[in-house]
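Reader: I'm new to this one and keep tripping over the labels people attach to things. Could you walk me through it?

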Amino acid sequence: MWSDWSSAVRAPGTDLLSGLMVALVALPLALGFGISSGLGAAAGLATAVIAGAVAAVFGGSRFQVSGPTGAMTVVLVPIFGQHGGGGVLTVGLMAGVVLVVLAFAGVGRAVRYMPSPVIEGFTAGIAVVIALQQLPLALGIADVEGERVWQVAFDAVRQYCADPDHVSLVTSLVVAAVVLAGGRYLPKVPLALIAVVAATAVAQVLNLGLTPIGDIPAGLTAPTLDFVHLDQLGSLIGPALAVAALAALESLLSATAADSMAVGTRHNPDRELFGQGLANLAAPLFGGVPATGAIARTAVNVRSGARTRLAALTHAVVLAAIIYLAAGLVADIPLAALAGVLLATTVRMVETASLVAIARAFGGDAVIMAITFGVTVAMDLVTAVAVGVAIAGVLALRAVAKEARLQQIPLDHPTEDTTHIVEEGQLLHDHIVAYRIEGPLFFAAAHRFLLELTEVSDVHIVILRMSHITALDTTGTLVLKDAIGKLEHRHITVLMSGLREDHHRRLAVLGALPAGGEPQLFEHTPNAIAHARDLLLGPAKRQR
């Protein structure tokens, strides 16, 4: 642990400045995501402070900045709607426990297997969902109806068309435009904060009537919302697992992105899960919502010159100072201004070049990305990831299964394996057939293999060359056993060559070896062919 902090102690200046920059960027995001989650702006600030500090100390990345995020908000909104604020706090605690367990189980490294089309699909879907969530605030609509976020957005648009509030919409669009322009031309300037401050000042001076955030407690206190009763925990297991899965996925992806932006760094995925778990255990105790690693704030941290964990910790300390010293000023920020910041954030979340590249590269990847995107918007993120990974897995298995081939080895002319067998070639060809099995023989390819193998006819001996099998699972073994049984039932002798030791053990355990047992197994194909000739012609005829 000391090695993570030693350089920060010797030269803290760069990290302190980076932490200040990240805090200025994080302030409007924390407020906006707290409000979007349903628990309010104070909950967003508490999450940024507590989770940000805990994850900075115990997490697995030197640059990761944690706090409330848009993706997490998407998952929390239905939980708040069904179980209230107490349900959200309880889910945070439960998710924290799950993350700690995952860390000790060593699950962190599994994120490297997440397909890129799934990641791009749900990232674009999250961006759309966050944008839809902001429509009521941007349009100045207070009371909206609908169970899904797209239904809520549709109702907000309907009410706006009936009684438009141009002031809220213009405020949101101007703030969003300033933030987007700043990200492109002045990336190191916290224009999000500047735009929010300017919008607040204009709204106060001109008395525009924009709805403000409202009262924010001055300081971090225990939540006024009660946690749910023990008899309600069963109904929260599913949501808690969803929150934990999202926290793990988003945090590890963010840490991976930080590694790619920095030079000579590599995060510890299991320690990162541990740190996020502790952060989610701590944040609800102060009224905070579940947290994850935030890729936008982490990117600002890296690009501002951060070198150690001190930068992320400084970000949390600065936000805590704002809570204690400037809570009254923060309460006057118009909700429409925060909606503009989040709308700009959604635009910057989407990597258009990656989406276009995947769409053009492979048809299957484009389908995976599109389905993941659609399910994210229509349903929820965890379902989308599960569906996307499942489809990607099916397509991958289909592609791998096509690699399995059953190729006949010619015996009537010299080849790499049969250069010493030229005599009596035509006779052998009429009664002996040798097959080379190539690629994986597993459940996705096994039955096609069975059909091909059992169709052989007019032969007395079949030689199976097994050395080119790359994978052999239980289904493949049982199908091979069935094929051998069908051949032997037709009085066709089966020989094997080049059988790997691990494949030999699997075949033996499941009874899938040829009827003759070990004498029917050969290390090299030429030996099997010679034995086949002995069986067919007899040793005496071979010696003549």
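Author: Sure. Keep in mind that this is a predicted model. Let's start where helix α2 touches helix α8: Leu24, Leu27 and Pro28 of α2 meet Ala192, Leu193 and Val196 of α8.

Reader: What makes the residues in the contact of α2 with α8 nonpolar, polar or charged?

Author: The names decide it, because Ala, Val, Leu and Pro are on the list that counts as nonpolar. The contact of α2 with α8 comes out at 6 nonpolar residues, no polar ones and no charged ones.

Reader: And why is α2 called oblique to α8?

Author: Look at the angle. The axes of α2 (residues 13-37) and α8 (residues 191-206) cross at roughly 55 degrees and come within 8 Å. Roughly parallel needs an angle under 35 degrees, and roughly perpendicular runs from 65 to 115, so a value between those two classes is oblique. That's how α2 ends up oblique to α8. The crossing is also left-handed.

Reader: Which label do α3 and α10 get for their directions, and why?

Author: Helix α3 (residues 41-58) and helix α10 (residues 269-282) pack at about 150 degrees, with axes 8 Å apart. The cut-off for roughly antiparallel is over 145 degrees, so α3 and α10 are roughly antiparallel to each other. From α3, the contact takes in Ile50, Ala51, Val54, Ala55, Val57 and Phe58; from α10, it takes in Arg271, Phe274, Gly275, Gln276, Leu278, Ala279 and Ala282. Sorted by class, that gives 10 nonpolar, 2 polar and 1 charged.

Reader: What is the handedness of the crossing of α3 and α10?

Author: Right-handed: that is how α3 passes α10.

Reader: Let's stay with Gln276. Is Gln276 buried or exposed, and how do you know?

Author: Gln276 sits in helix α10, and its relative accessibility is 0%. Buried means under 20%, so Gln276 counts as buried.

Reader: What is Gln276 in contact with, apart from its neighbours within four places in sequence?

Author: Its partners are Ala55, Gln64, Ser66, Leu99, Ser251, Ala291, Thr292 and Gly293. You've already met Ala55, which belongs to the α3 side of the contact with α10.

Reader: How do you know whether Ser18 is buried or exposed?

Author: Use the cut-off again. Ser18, in helix α2, has a relative accessible area of 0%, so it is buried. Setting aside neighbours within four places in sequence, Ser18 is in contact with Asn301, Ser304, Gly305, Ala306 and Ala311.

Reader: What makes the pairing of Ser18 with Ala306 a polar contact?

Author: A polar atom of the Ser18 side chain lies 3.2 Å from the backbone nitrogen of Ala306. The limit for such a pair is 3.5 Å, so the distance of 3.2 Å fits.

Reader: Which label does Ile130 earn, and why?

Author: Ile130 lies in helix α5 (residues 116-139). Its relative accessible area is 3%, so Ile130 is buried. Ile130 and Thr346 are 216 residues apart in sequence, yet their C-alpha atoms are 6.7 Å apart in space.

Reader: Why is Leu478 given the label it has?

Author: Leu478 is in helix α20 and has 42% relative accessibility. Buried would need under 20% and exposed over 50%, so Leu478 is partly exposed. Leu478 and Ala512 are separated by 34 residues in sequence and by 6.8 Å in space, C-alpha to C-alpha.

Reader: What makes Asn207 exposed?

Author: Its relative accessibility is 65%, and the bar for exposed is over 50%, so Asn207 counts as exposed. Asn207 is in the loop between α8 and α9 (233-261). Its phi is near 50 degrees, a positive value in a residue other than glycine.

Reader: And what about His491: where is it, and why is it called exposed?

Author: His491 is in the loop between α20 (474-489) and β7 (493-497). With a relative accessible area of 72%, His491 is exposed. His491 isn't a glycine, yet it has a positive phi of about 65 degrees.

Reader: How many helices and strands does the chain have, and how much of it is buried?

Author: The chain has 23 helices and 8 strands. Of its 544 residues, 51% are buried. Among contacts with a separation of 6 or more, 82% join residues 24 or more positions apart.

Conventions: Residues are numbered from 1 along each chain as its sequence is written. This is a predicted model: local features need pLDDT of at least 70, side-chain atom pairs count only at pLDDT 80 or more; totals for chains, interfaces and linings use all residues. Side-chain values use heavy atoms; hydrogens and water are left out. Axes are lines fitted to C-alpha atoms, for helices over the stretch in contact, and angles run from 0 to 180 degrees between N-to-C directions. Helices (H or I, at least four residues) and strands (E, at least two) are DSSP runs, numbered from the N terminus. A crossing is left-handed if the near helix is turned anticlockwise from the far one by less than a right angle, and right-handed if clockwise. Contact means heavy atoms within 4.5 Å. Buried means under 20% relative accessible area, exposed over 50%, partly exposed in between (1.4 Å probe, protein chains only). A polar contact is a pair of N or O atoms within 3.5 Å; within protein, one must be able to donate a hydrogen and the other to accept it, and residues adjacent in sequence count only if both atoms are side-chain atoms.
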